[in-house]
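Me: I have just opened this entry and do not know it yet. Could you take me through it?
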Amino acid sequence: VMRTWVLLPAVLWCLTGVRCPRSTLFNAKGFLYGKTGQPEKIYVKLHQNSPVLICMDFKLSKKEIVDPTYLWIGPNENTLTGNNRINITKTGQLMVKDFLEPLSGLYTCTLSYKIVKAETQEEKTVKKRYDFMVFVNPFAPGWKGACNGSVDCEDITNRNILQARNRIEEFFWSQAYIFYHNFNKTLPAMHFVDHSLQVVRLDSCRPGFGKDDGLHSNCASCCVVCSPATFSPDVGVICQTCVSVLIYGAKSCPTSNKNQPCED
């Protein structure tokens, strides 16, 4: 009888561009192992590739398994076939390319393999299920290392704002100095008080995204795609409730027909 034996190497690292909780197991190539009994939460930057999801737990990956088969089910319990954004290998590894809001959700893989007793050569089929909750985030933790100077990176915007603030402060200070030392004393006095110019940080998310430290406690500062039954029409940080919303990343709530999904 032909047997297929699979042994996966495991080197622990964190993948640049996605959330890496302490409990998550990555290897150097960006592979993510599953866990039985609890879903792994993953936060992927918008328009980036997801990590490679492995239909196997870390402990099992260090063993040889017999005749493994893999069945992947995607969001809304759809079998993951015929989608050019989703790549599934023969060894059960899944990667989502160019991640978008509607691709968020629960990805489940069922691994089936056989155990052969050495004494009796009796075969037994074992099944294990691995769940991955994948959310898209415009600026996922770790994106700084993956920006490569891209203008859409949040740190570039923040740095430019702080630079503008420093230059405005420098301008007022220099003008006050010039008026005081170089002009006729009859001109109105101009004074600048140190540290009187303040910049206030405004917390915001893109439409269709919000923050939820209850649902996403390990990524509380992330702007995460709004889940079904919620939406966000503006740059606020709260996904509002809308029971007729059926998709991730909704930007509006339908009013004319409650049975229709809202616009993406």
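The exchange below goes from the whole chain to a few chosen places.

Me: What kind of model is this, and what is its average pLDDT?
Reply: This is a predicted model. The protein averages a pLDDT of 76, and 73% of the residues score at least 70.

Me: Where does the pLDDT fall below 50?
Reply: Residues 1–28 have a pLDDT below 50, although this stretch has 81 contacts in the model beyond near neighbours in sequence. Residues 256–264 also stay under 50, and the model has 22 contacts for them beyond four places in sequence. Where pLDDT is low, the predicted coordinates should not be read in detail.

Me: How many helices and strands are there?
Reply: The protein has two helices and 13 strands.

Me: How much of the protein is buried?
Reply: Of its 264 residues, 37% count as buried. The accessible surface of the protein is about 16200 Å², and carbon and sulfur atoms account for 55% of that.

Me: What about contacts between residues far along the sequence?
Reply: Among contacts between residues at least 6 apart in sequence, 53% join residues at least 24 apart.

Me: On to the strands. Which strand does strand 8 pair with over twelve bridges?
Reply: Strand 8, residues 105–116, pairs with strand 9 in the antiparallel sense over those twelve bridges. One facing pair is Tyr107 and Phe132, the latter in strand 9.

Me: And what lies between strand 8 and strand 9?
Reply: The two strands form a hairpin with six residues between them. In the turn, Gln121 has a positive phi of about 60°.

Me: Do tell me about strand 3 as well.
Reply: Strand 3 covers residues 40–45 and runs parallel to strand 9, residues 123–137, with six bridges joining the two. Lys45 has Asn137 of strand 9 as its bridge partner.

Me: Changing topic: where does Gln240 lie?
Reply: Gln240 lies in strand 13, which spans residues 240–241.

Me: Why does Gln240 count as partly exposed?
Reply: Its relative accessibility is 37%, and the partly exposed class runs between the buried limit of 20% and the exposed limit of 50%, so Gln240 belongs there.

Me: Which residues is Gln240 in contact with, leaving aside neighbours within four places in sequence?
Reply: Gln240 is in contact with Ala229, Thr230, Phe231 and Pro233.

Me: And how far is Gln240 from Cys253 in space?
Reply: The C-alpha atoms of Gln240 and Cys253 are 9.1 Å apart, and the two residues are 13 residues apart in sequence.

Notes. Residues are numbered from 1 along each chain as its sequence is written. This is a predicted model: local features need pLDDT of at least 70, side-chain atom pairs count only at pLDDT 80 or more; totals for chains, interfaces and linings use all residues. Side-chain values use heavy atoms; hydrogens and water are left out. Helices (H or I, at least four residues) and strands (E, at least two) are DSSP runs, numbered from the N terminus. Buried means under 20% relative accessible area, exposed over 50%, partly exposed in between (1.4 Å probe, protein chains only). Contact means heavy atoms within 4.5 Å. Accessible areas come from the Shrake-Rupley method with a 1.4 Å probe; for residues, only the protein chains shown count as cover. pLDDT is the predictor's confidence in each residue, from 0 to 100. Two strands pair if DSSP finds at least two bridges between them.
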